[in-house]
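Trainee: Could you take me through the sheet in this model and the reasoning behind its labels?
Mentor: Gladly, let's look at it together.

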Amino acid sequence: TPTIQIYTSAMRACARGGQAKRALNLLRVVKDKGLETDSYFYTAAIDACSKAKMWEKALELFDEMVELGIEPTPVTYGVTISALGNGLQWERALSLLNSMREKSMTINLITYNSAITALAKASKQKAKLGQLSDTNEDPEEGLWQKALNLLDQMKEDGIEPDGFSYSSAISCCVGRWEEACELIEIMKQNPTTRPNKIAYTAAIAACGQSRNPNPKKAIELFETMKQEGIPADKVAYNSLFSALRVAKDATKTYELWREMCDNSRRIPAIRSSPAISRARGLTSPSPDIITVTDCIATLSQAGKDIEMDNVFEEAVKRGIVLRSNSLDLQWEVDLSGMPFAVARAACRYLLKGIKEKDYESADEIQDMIFITGIGKAHQFRRESSPSKFSKSSSSQNVFKKDPSTSLRDFIQRILETDFDPPLKSKIPERAKGTVVVERETLIQWLDHHKTHC
């Protein structure tokens, strides 16, 4: 008959293999057999749940073992804190850490790092929701301060924070670029904690997420990273693009775009596997939709329409937007879900293509259909758009947080303000989620360009 030790070993194997369901099945089998469980068995079960991001079940098992009179070990606390971090439950994670301290338990480096990671993941979630740290908030209430406090506590306990500790703490500095940069400097003082790609990228992101962004510092960190032989990955590039967008630095944005595209086209002189090439720094990350969105938004807002058009054209060539396997065709394109600035660039690109094509007969011209959907757009209009929709200011930023403007309305106005002569459009009664430029309108528009160009 299998003993609890054998079941514990099987449970650990499930945890290592990411087999949470099997681990929970083993738990039920052990309970059904009436075997006496111990902290090792429960710790393995909680670890399996943690790795599967099942924080509620992990906490349930932790509470269950306490109710059964089984004393959690420091390792049990550690894996439970990790599980809570995966579930963005940083308050409960810190509560368990405090419980360990109250019980005079030894808290090791791994457990401290799990607690700081819980704060880092919650901070990233806040950043996604646009919840930046306020310089006027109570410092003790900020997640960044709680992370710094944990670093100090580690040192008081005689535990030297490692690179992971500092990198995770920097990730907590959402909207606090000064603190992020201070941690970078602390890391540089110790050869064993030299800043890595994760640390630099998090610091660069902090420079752009602040209510008072510092794009110059972001650029400095980016260049320092490369000078130290750390190849910038896509996340690092996108963090810098985001910082430049907040700072409205169109010139540097376009320079960075060209650099990223030029580097990603280079082919290593020595044929190597992708992994070896990355290790040697022979490859450069290619832009993605996040890169394109930030880049186009910054350029459009600054009135750099030519550069914006170049970026979009390159993005099409790379298959980032208007992919051939989507609904996007010459006469029908799906813009729904696109940020306003990207949708504007798409309209310009498509109509430029129609204008430059040499049609043998007007019979080849069809209605141009833009699929937009009919919903309202609840987003910050940092991207760009025509100010009051006048030709003279077609790239100025006027969209703030405007819940009344839909992508459909925006496209109609763009067609009138971005093109000369203006392109009139209509919304079909039976297809209210589309904007249509009728064939006759396109023919007149094309004739105008042939006559005046």
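Mentor: Let's begin with one residue pair: glutamate 332 stands opposite isoleucine 369 in E2. Keep in mind that this is a predicted model.

Trainee: How do you know that E1 and E2 pair?

Mentor: Pairing takes at least two bridges. E1 and strand E2 (residues 368–371) share 3 bridges in the parallel sense, so they count as paired under that cut-off.

Trainee: And what makes E2 and E3 a pair?

Mentor: The cut-off is again at least two bridges, and E2 and E3 have 4 bridges, in the antiparallel sense. In E3, valine 436 is the bridge partner of isoleucine 369.

Trainee: Why is the pairing of this sheet called mixed?

Mentor: E1 and E2 are parallel, while E2 and E3 are antiparallel. The open sheet of 3 strands, in the order E1-E2-E3, has mixed pairing.

Trainee: Why are E1 and E3 left without a neighbour on one side?

Mentor: Strand E1 (332–334) and strand E3 (434–437) each have a single partner strand, so they stand at the edges of the sheet. On average, neighbouring strands are turned by 15 degrees against each other, direction ignored.

Trainee: What makes the link from E1 to E2 a β-α-β crossover?

Mentor: The chain leaves E1, passes through helix H18 (residues 340–356) and reaches E2; this crossover is right-handed.

Trainee: Which helix lies across E2 and E3?

Mentor: That is helix H19 (residues 407–417), which runs at about 20 degrees to E3.

How values were computed. Residues numbered from 1 in each chain as written. Predicted model: local features only at pLDDT ≥ 70, side-chain atom pairs only at ≥ 80, totals over all residues. Heavy atoms only, no water. Helix = DSSP H or I, 4+ residues; strand = E, 2+ residues; numbered from the N terminus. Axes fitted to C-alpha atoms, helices over the stretch in contact; angles between N-to-C directions. Contact = heavy atoms within 4.5 Å. Right-handed = clockwise from strand over helix to strand, strands pointing away.
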